[in-house]
Amino acid sequence: MHTMISLTSEFTDSKGRHARGWLFFDADCAFCVKIVRVLASTLQKRGFALAPLQDPRVGALLGLSPTELLLEMRLLLSNGKQTGGADAAVALAHEIWWARPLAWLSKLPGMMEALRRAYRWIAAHRKCSAAATTCAISSSAIHKSQPRTKDSRPPQPPTDH
């Protein structure tokens, strides 16, 4: 029997309140940790809590395999909506006044796909701690496993016109 982990029972913020959402990040990635440290208080003031992707409850909560789980940061809202990577960054940008230009930029034609490509490039080239196994995921796995969304289309073969 498959047991579903309840967001409200398993994840509350540091003061015991239920969070508006959770940002899950790779705690073995020095770059990721640095960004989270910079944004932690800003996100917490807006009701978002932070947790490492390596927490054993997170994979089951998000319904992702260990390989999928560590490919990108994940954002889980209290209503159950889940997103990751550049889409998560843009969703958070909507919440922070000084980051809203990123959200506005993402609305321009082709920009969301460019942001996704940039995120995948950064994820594929990040540096992790020497003891970490999470960055051992090959860059080809990062590119192949990105979830398709209504905004992303497979590359089209060149036409011979």
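Start by selecting Trp 22 in this predicted model. Trp 22 is buried, because its relative accessible area is 4%, which is under the 20% cut-off. Next, add Phe 24 to your selection. Phe 24 is buried as well, with a relative accessible area of 0%.

Now show both side chains together. What kind of aromatic pair do Trp 22 and Phe 24 form? The pair is stacked, with 6.0 Å from centre to centre and 15° between the planes. Enjoy this view, as the structure holds one aromatic pair.

Switch to a cartoon view and pick out strand E1, residues 21-25, together with strand E2, residues 48-52. How many bridges join E1 to E2? There are five, and the two strands run parallel. To see one of the partnerships, click on Phe 25, then look in E2 for Pro 52, its bridge partner.

Keep both strands on screen and add helix H2, which spans residues 30-45. Follow the path through E1, H2 and E2: together these elements make a right-handed β-α-β unit.

Stay with H2 and select Phe 31, which lies in this helix. Is Phe 31 buried or partly exposed? Phe 31 is partly exposed, because its relative accessible area is 43%, between the cut-offs of 20% and 50%.

For the last stop, turn on the surface and colour Phe 31, Ile 35, Trp 121 and Ile 122. These residues make a nonpolar surface patch of about 400 Å². Two helices contribute here: H2 and helix H7, residues 111-124, each supply at least two residues of the patch.

Notes. Residues numbered from 1 in each chain as written. Predicted model: local features only at pLDDT ≥ 70, side-chain atom pairs only at ≥ 80, totals over all residues. Heavy atoms only, no water. Phe/Tyr/Trp six-rings, centres within 6.5 Å; stacked < 30°, edge-to-face > 60°. Buried < 20%, exposed > 50% of the residue type's maximum accessible area, 1.4 Å probe, protein only. Patch = residues over 30% accessible without salt bridge, like charges linked within 9 Å, V, L, I, M, F, W, Y side chains within 5 Å. Areas by Shrake-Rupley, 256 points an atom, 1.4 Å probe, with all protein chains shown as cover. Salt bridge = Lys/Arg side-chain N within 4 Å of Asp/Glu carboxyl O. Helix = DSSP H or I, 4+ residues; strand = E, 2+ residues; numbered from the N terminus. Pairing = 2+ DSSP bridges. Right-handed = clockwise from strand over helix to strand, strands pointing away.
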